[in-house]
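Work through the exercises below with the model open. Each one sets a task and then solves it in steps.

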Number of protein chains: 2
Amino acid sequence: MSINIETFFLDPNAEGTLQSRIQQMVAQGILEGRFRRGERLPSSRKMAVHLGVSRITVTLAYTELVADDYLVSRGRSGYFVSDNAPEPPAFPARRFGAGTVDWNRAIAQRHSPGLSLKKPSDWASYRYPFIYGQADKTLFDSANWRLCALQALGMRDFAAMTSDLYDGDDPQLIEFIARQTLPRRGILANTDEILVTMGAQNALWLSAQVLLNSRRHAAIEDPCYPALRNILTQSRCQLHNISVDSDGLPPDALPHETDVVFTTPSHQCPTTATMPLHRRRALLERADADDFLIVEDDYEFEMSFLKSPSPSLKSLDQNGRVIYVGSFSKSLFPGLRLGYLVGPEPFIREARALRASVLRHPPGHIQRTVSYYLSLGHYDALVRRMSKAYHERRKVMDAALEKNQLTVAGEGAYGGSSVWLRAPDGIDATQLAETLRADGVLIEAGAPFFANPQGHSAYFRLAYSSISSGRIAEGVDLVARAIRSYQKNGRPHIASASA
Amino acid sequence: MSINIETFFLDPNAEGTLQSRIQQMVAQGILEGRFRRGERLPSSRKMAVHLGVSRITVTLAYTELVADDYLVSRGRSGYFVSDNAPEPPAFPARRFGAGTVDWNRAIAQRHSPGLSLKKPSDWASYRYPFIYGQADKTLFDSANWRLCALQALGMRDFAAMTSDLYDGDDPQLIEFIARQTLPRRGILANTDEILVTMGAQNALWLSAQVLLNSRRHAAIEDPCYPALRNILTQSRCQLHNISVDSDGLPPDALPHETDVVFTTPSHQCPTTATMPLHRRRALLERADADDFLIVEDDYEFEMSFLKSPSPSLKSLDQNGRVIYVGSFSKSLFPGLRLGYLVGPEPFIREARALRASVLRHPPGHIQRTVSYYLSLGHYDALVRRMSKAYHERRKVMDAALEKNQLTVAGEGAYGGSSVWLRAPDGIDATQLAETLRADGVLIEAGAPFFANPQGHSAYFRLAYSSISSGRIAEGVDLVARAIRSYQKNGRPHIASASA
């Protein structure tokens, strides 16, 4: 391999003769691991032209570097990094540091995250991954996805892939969402009432930015999706945490000064409760009476394998008070980063202007790929396959939970991909999760979902979206065994050792 | 085609008998254009189960719809939308409107865009597209791009494509940028000093959000990239517009209270000036003396076909004061939405937390595709091919400008992809652009680049990144002719008619 000539720059701040600066430049590249053993240097002639120095200066520098065993000369083939050259360090050397800047002062707005729900990136290597929200290799339809991506890479779609769309979206995707996806949720929308987003995260963030400021009041469910609470905390709005019950968010508990409510009526996150029709009506009536808006995160509505899905809250919205958030993260995969916002045009216009300022638009190729995947019917087939698999896993899960007498605090009446559990009093699920992890079992502690994690340490979530049905019973047995051992010993214990 | 059963919902707010509500549901779908002629309805048995009503109710409703010629019955094949069914409207009916919400009140933060630089989306159909920043089909290496995308779609990269990376990036892409891309700009960075962004737009936005608030002072070049001015205006910082000269931004003109400077030293946007070394040093000295930071947008550094590119400002940065913005939009294509930020770790940590809150991470598949494209050497080959073509076009452009005696206000000494021009006094380039557009010539008026567009109406930009060299001379002739005609008549005139 030849080293690209553009990699070479004479440091204008360096001192010494031209020749010594060239030697230093090459040696430093080797020491920093940028030029590796056996790689060929540019010829002395090319290097001289590139640096604007005489050729003899370069030749003399190369000769010195050969003498120092940084380089070897192979006659007419040129100069190469020597096999005896110093070993590069594991990481390249730093060229700039935090230096003289006081970063505590320089950073004008802090955005460091709160409690994180980060999963181990090697979750797939665990034997019992009761992990939520990652794609299951065994269920995903990679073949058709590849075909659609390939089609979207074709010259016919060159403009769709490569163009700067400014604040626009792929019209083909918008058309499909308007005509096919939304009507299934009971929603009819014009194309100017839809905005494609970088997943539900981006849709929720845009909504919060447009609708809130430090004087506005937002209400969220407690427990809720921690990233949403983080978004609202960053917005500096007045935040009200409303405890949910087995029917989800209780409208009566909303303060009268509420401006925006964030809710998950289809499957409350994380308790999986579905809000019944009478409560949805009551919520919309309160919205009219108190003049507030509702942001509905309709995640996972596709996974309704136990009953027909209930229509979205938005479908009951007569007065344009509901902003609807949809996502392809759960049904396709989260690394796609694709979702959408649906709402009245004045709202969508503002969200679009903000999105354009922040990032312009989601990549064209991804939008077009999804549009093909949807319109060729692969999406529906995938959702059916996933629903069937989840249904089977859920049955195994329910049986295993019952057998082990674990306390179910919530499980979706329509389906979903997880069960919300409560360990016996005195057990800290965070510690439980750590213990189980050492035993190959991944569960999610529930405390980070709560506004006040203290007092809610016994909750945890078991998802069945990424674990095969054959592993579920064994995995739940291990969870139950760890709980029993914890109760007996008053502290977490490696489950297998206590068996 | 069968109509998916999930599309059907009984409106819980509707009145009347079950049968009439079913009829209404079907008829409305047809009238709204969701169910189209020849499409098959679910069987009465399936529909009854889905809606939770008796089968006879569905059958009676279907029979009525047949009588009304919404549907036809084809015996055992089932019910289909009739070929005589009413024509659907061009757009689906609205189901929700702006309703009772006062959107002027409800929108807490406005983000509507300022002057836009939107290009016509059908620019490729113009005969003389002197348009900036869109990909050229004739130069782009679609075959190898497809191969890399296909490789990144493989099962070996399933996790890289599908995973939720939270606040993370593709380690393979970061590694390549650190080891190969940045050293060519004289920059050595650790992996925790690099953040992948949704293009340069997103990198600039993140920088502004982290470093500015309403009390901080930002300085920008005048003229400059209008989207950047928009980002800074939205940030509500104290904004200082600094007029550039033929060497770019003059450090002496910066006010002492400056906190952050946004600059384009390699190619000033839009004048294409390159900042000379002595001025770069002076800028860094001012940064130390007045304790400010510099955000360097190093766009288009790849297109240096006239001279070796000068190293980046960041490469001279001893004290960690420069934040570097790179982008693949110009060298690959803007629809990719991929760029990167390089800076001291405390800054990158904050920008990463903010990016995670706004959108989590750029899509995994795109990051991996670029990483293959770079590491297999296709990127270098593409840049060489583009540089060669741009060089040839530039020569034709220079000759045509000279022949027509047009006033060049700036053209990159290192290369680039555009020339900055000034029409004679009294000519409004916005009107000139409109006139020329009717004649198949696309040019960009320069006024939107200025803080105060008034007084700068004579400037315009001619890019040669998307026009073949064979069209350039003719196109420039048309521009010159339109200018002469404008001067003669005191108003814009269709060039061809005045020829």
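**Exercise 1.** Which residue of E9(A) does Asp297(A) stand opposite?

*Solution.* The model is predicted. Start with the two strands: E8 (residues 293–297) and E9 (residues 322–327) of chain A pair in the parallel sense, over 4 bridges. Now find the partner. Val325(A) in E9(A) stands opposite Asp297(A).

**Exercise 2.** Give the strand order of the open sheet in chain A, and find its edges.

*Solution.* The sheet has 7 strands, in the order E4-E10-E9-E8-E7-E5-E6, with mixed pairing. Next, look for strands with a single partner. These are E4 (194–197) and E6 (238–243) of chain A, so each has one side without a neighbour in the sheet. From one strand to the next, the twist averages 20°. Finally, add the helix. H11 (residues 345–359) of chain A packs on this sheet and touches E4, E9 and E10 (339–342). The direction of H11 makes about 30° with that of E4(A).

**Exercise 3.** Is Gln109(B) buried or exposed, and what does its side chain reach?

*Solution.* Locate the residue first. Gln109(B) sits in the loop between helix H4 (103–106) and strand E3 (128–129) of chain B. Its relative accessibility is 18%; buried means under 20%, so Gln109(B) counts as buried. Then check the polar contacts. Its side chain reaches the backbone oxygen of Leu212(A) at 2.8 Å and that of Gln209(A) at 3.2 Å. Beyond neighbours within four places in sequence, Gln109(B) is in contact with Gln209(A), Val210(A), Leu212(A), Asn213(A) and Glu350(A).

**Exercise 4.** Which residues touch the most other members of the largest nonpolar core?

*Solution.* That core holds 144 residues, and the answer is Leu332(A) and Leu332(B). Take the chain B copy. Setting aside residues up to four places away in sequence, Leu332(B) touches Ala135(B), Phe140(B), Trp145(B), Val370(B), Tyr373(B), Tyr379(B) and Leu382(B). Another core, of 70 residues, lies apart from the largest one; Leu228(A), Val295(A), Leu354(A) and Ile323(B) are among its members. As background, nonpolar side chains tend to be buried together in soluble globular proteins.

**Exercise 5.** Describe the annotated span 16–84 of chain A, then place Ala67(A).

*Solution.* An unreviewed UniProt entry annotates residues 16–84 of chain A as "domain: HTH gntR-type". The span is 51% helix and 9% strand, and its end C-alpha atoms lie 26 Å apart. Ala67(A) is in helix H3 (residues 55–67) of chain A. With a relative accessible area of 61%, Ala67(A) is exposed. Last, compare distances. Ala67(A) and Asp192(A) are 125 residues apart in sequence and 70 Å apart in space, C-alpha to C-alpha.

Definitions and conventions
Residues numbered from 1 in each chain as written. Chains lettered and ligands numbered in written order. Predicted model: local features only at pLDDT ≥ 70, side-chain atom pairs only at ≥ 80, totals over all residues. Heavy atoms only, no water. UniProt positions renumbered as here; feature names shortened; annotations may be inferred. Pairing = 2+ DSSP bridges. Axes fitted to C-alpha atoms, helices over the stretch in contact; angles between N-to-C directions. Contact = heavy atoms within 4.5 Å. Core = buried A, V, L, I, M, F, W, Y, C linked by side-chain atoms within 4.5 Å. Buried < 20%, exposed > 50% of the residue type's maximum accessible area, 1.4 Å probe, protein only. Polar contact = N/O pair within 3.5 Å; in protein donor to acceptor, adjacent residues only side chain to side chain.
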